[in-house]
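Thanks for sharing this one with me. Here are my notes, in numbered points, to read with the model open beside you.

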Amino acid sequence: MKIYKNHIAEKIAGIIGDDRDRIETLLEIPPSEDMGDLAFPCFTLSKDMRRAPDVIAEELGNKIGRDNLIERAEAAGPYVNFYIDKSHLISTVIDQILSDRDDYGRSDEGSGKNIIIEYSSPNIAKPFGIGHLRSTVIGASLKRIYEYLGYKVVSINHLGDWGTQFGKLIYAYRNWGDELKLNEDPIGHLYELYVRIHREEENDPKLVELTRSEFKELEEGDSENIDLWRRFSDLSRKEFRKIYKMLGVNFDSEKGESFYIDKIPAVEKSLKDRDLLKESQDATIIDLEKYEMPPILIRKSDDTSLYATRDLAAAIYRKKEYNFDKMVYVVGVAQSLYFRQLFKSLELMGNDWADNCHHVSFGWVKLGEEMMSTRRGNIVFLEDVLARTVEEAKKIVEENSPDLPDPDSVAKAVGIGAVIFTDLSCRRDTDIAFDWDKMLDFRGNSGPYIQYSHARICSVIRKYGKELKKEYNAGLLLLPEEYSMAKMLVCYPDIIKKAANEFEPYYISNFLLELCGIFNTYYQKYRSPEDRILSSNSDVADSRVTLADCARIVLHSGLKLLGISAPEMM
RNA sequence: GCGCCCAUAGCUCAAUUGGACAGAGCGUCUGGCUACGGACCAGAAGGUUGGGGGUUCAACUCCUCCUGGGCGUACCA
């Protein structure tokens, strides 16, 4: 769409003698297709020129004539509506996609830039719930999106493998642990112990001190505690790996919190040198009152470290190690105050790059009226969700397409795709309502709907049979849906950039749904031998299949950016 | 108490960041395969955008107050 915006902005600027770029940012896409393809609202001009917007629009409309990009311009009240030359747009986008193929929409705007994305970061010894999935899926998608734009991305799984909870876990395991259970179902057993110690601590406050001292010993290097910790950690990592494999998610680094404990002293020294540390209530803090924030705790009264301590160390380490241009933390919205404190602390330490750190937050997953949380014990396990969606997909596949060569892998692709898509189909900050019925419904606005549309196009191309030639005639693509589709395809690169800028993969999901909507309408509306895609007129068929193939390429690409696979048959 | 966030169709979510008539899916009702895949498509019903006031050419969007909810707010992460 960029070339058209540019072109129109230039024309308008030429007439009124204003700044091109300013005009360009004012251009918008009208709410309905019959109002043209791009619109210029004259309100702001009206202020400068002290004339009624309708009059300006009228004048512009008359002065802008047709050329090979613009078919016509027409005033509509205070707007000037521009109608792009359809044949120009269609052939431009088809040529572009056919030459770029799977790289359509790729760019090099990020080349030479490093970005760190921290995501997933589950806690060792806690089950992977459907709530944790959001960070994983959003982060993994952002990684793909940024790589597509030429950035060098380092993805980090900042595992929660250190902290007070390990004192609890060690204590609980010593007293109630079961070797057999631990090996059979490590996370299940550890979680059971975790829940139990929490309950018991409520009844017996003395336990709190005992578990805290276990952590202190761990942090001081007690070998027995370290052995246990390492075992818990290894077993959990192994379990998580299974989940990541299913989801098709991977990381460049899996350095968890524990990695940074030996880097804490240097951080503390630098904090002390800048006189940022303060003793308060027996603990060590950074006072942030000047910045209207509560203090951030650096050391507890028993002298053990906290997540903030380790996060400061991690940020500084990463800056040294990767020299990132940007670092984003994909972490739930509950932590937003904490990240403001963290970034402010980094800044106070003299790190001018603190500005380049972003908290990419996301909302809760609700179960009924409640927020899902491990602490409350009302979580839905990701493994159960994946198992059920895959099973459901298998049922449907068996019923609808009994002779698929590999039904199991298709069922997996669809079941998992449905789960991933659900998390990416609304804005990050909205809370998601988890609902089994909806999760298992593969119709409507869903991942499988997009996969289905993609498979359908693949099927048409198979039926077409011939080698796809690069020959097509834009003059034969005159149906309104063909133009709408082409127009969407033109916008795909813009959508990717928007998704990256706002850290919102949902823009891509939304775009894909819309594209599928148009294609499916097109597909079903025209059924006569001549009007359908595989038209009896072979020239027309060539052109239509070519356009459909472009849509296929974009659907495939978009799904990939979301981390969802696109089977050719399903 | 203070801070941040949310409230849009019966339900789940959108709305080009202040723009033209607030749109999709599900659910309800009606219709569509001897054809290119019905995990689909077409149509209908469904809204005073939680409520009041304000800012302006224009408010779901910005300001203010109220109501209802969520999260955070020093030794969890």
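1. A salt bridge here is a side-chain nitrogen of Lys or Arg within 4 Å of a carboxyl oxygen of Asp or Glu. Keep in mind that we are looking at a predicted model. Over the whole structure, the search turns up 45 salt bridges.

2. A good place to begin is Asp-252, which is paired with Lys-143 at 3.0 Å between the closest N and O atoms. Asp-252 sits in the loop between helix 11 (223-247) and helix 12 (264-273), while Lys-143 belongs to helix 6 (residues 130-148), so this salt bridge ties together parts that are 109 residues apart in sequence. The partners differ in their surroundings: Asp-252 is partly exposed, at 47% relative accessible area, whereas Lys-143 is buried, at 9%.

3. Next, have a look at Arg-299 and Glu-219, whose side chains form a salt bridge with an N to O distance of 4.0 Å. Arg-299 is in strand 8 (residues 296-299) and Glu-219 in helix 10 (residues 206-219), so distant parts of the chain, 80 residues apart, are linked. Arg-299 counts as buried at 15% relative accessibility, and Glu-219 as partly exposed at 21%.

4. Glu-482 and Arg-544 make another salt bridge, with 2.9 Å between their closest N and O atoms. This pair links helix 19 (residues 480-501), which holds Glu-482, to helix 21 (residues 538-562), which holds Arg-544, across 62 residues. Both Glu-482 and Arg-544 are buried. Elsewhere, Asp-18, Arg-22 and Asp-48 are joined into one network by salt bridges that share partners.

5. Now to the RNA. Which residues are closest to RNA strand B? They are Glu-257, Lys-300, Tyr-307, Arg-376 and Tyr-523, out of 72 residues that surround the strand. The surface near RNA strand B divides into 38 nonpolar, 19 polar and 15 charged residues. Helix 18 gives the most, with eight residues; among the other elements that supply at least two each are strand 3 (79-84), helix 7 (164-176) and helix 20 (506-525).

6. Finally, the contacts themselves. Of the RNA strand B atoms within 4 Å of the protein, 57% belong to sugar or phosphate, and the rest to bases. There is an example of each kind to inspect. The side chain of Tyr-449 has an N or O atom 2.7 Å from a phosphate oxygen, and a polar side-chain atom of Glu-28 lies 3.2 Å from a sugar or linking oxygen. For the bases, a polar backbone atom of Ser-301 is 2.5 Å from a base oxygen of RNA strand B.

Conventions: Residues are numbered from 1 along each chain as its sequence is written. Chains are lettered from A and ligands numbered from 1 in the order in which they are written. This is a predicted model: local features need pLDDT of at least 70, side-chain atom pairs count only at pLDDT 80 or more; totals for chains, interfaces and linings use all residues. Side-chain values use heavy atoms; hydrogens and water are left out. Helices (H or I, at least four residues) and strands (E, at least two) are DSSP runs, numbered from the N terminus. Buried means under 20% relative accessible area, exposed over 50%, partly exposed in between (1.4 Å probe, protein chains only). A residue is near a molecule or strand if one of its heavy atoms lies within 4 Å of it. A polar contact is a pair of N or O atoms within 3.5 Å; within protein, one must be able to donate a hydrogen and the other to accept it, and residues adjacent in sequence count only if both atoms are side-chain atoms. Ala, Val, Leu, Ile, Met, Phe, Trp, Tyr, Cys and Pro count as nonpolar, Asp, Glu, Lys and Arg as charged, and the others, Gly among them, as polar.
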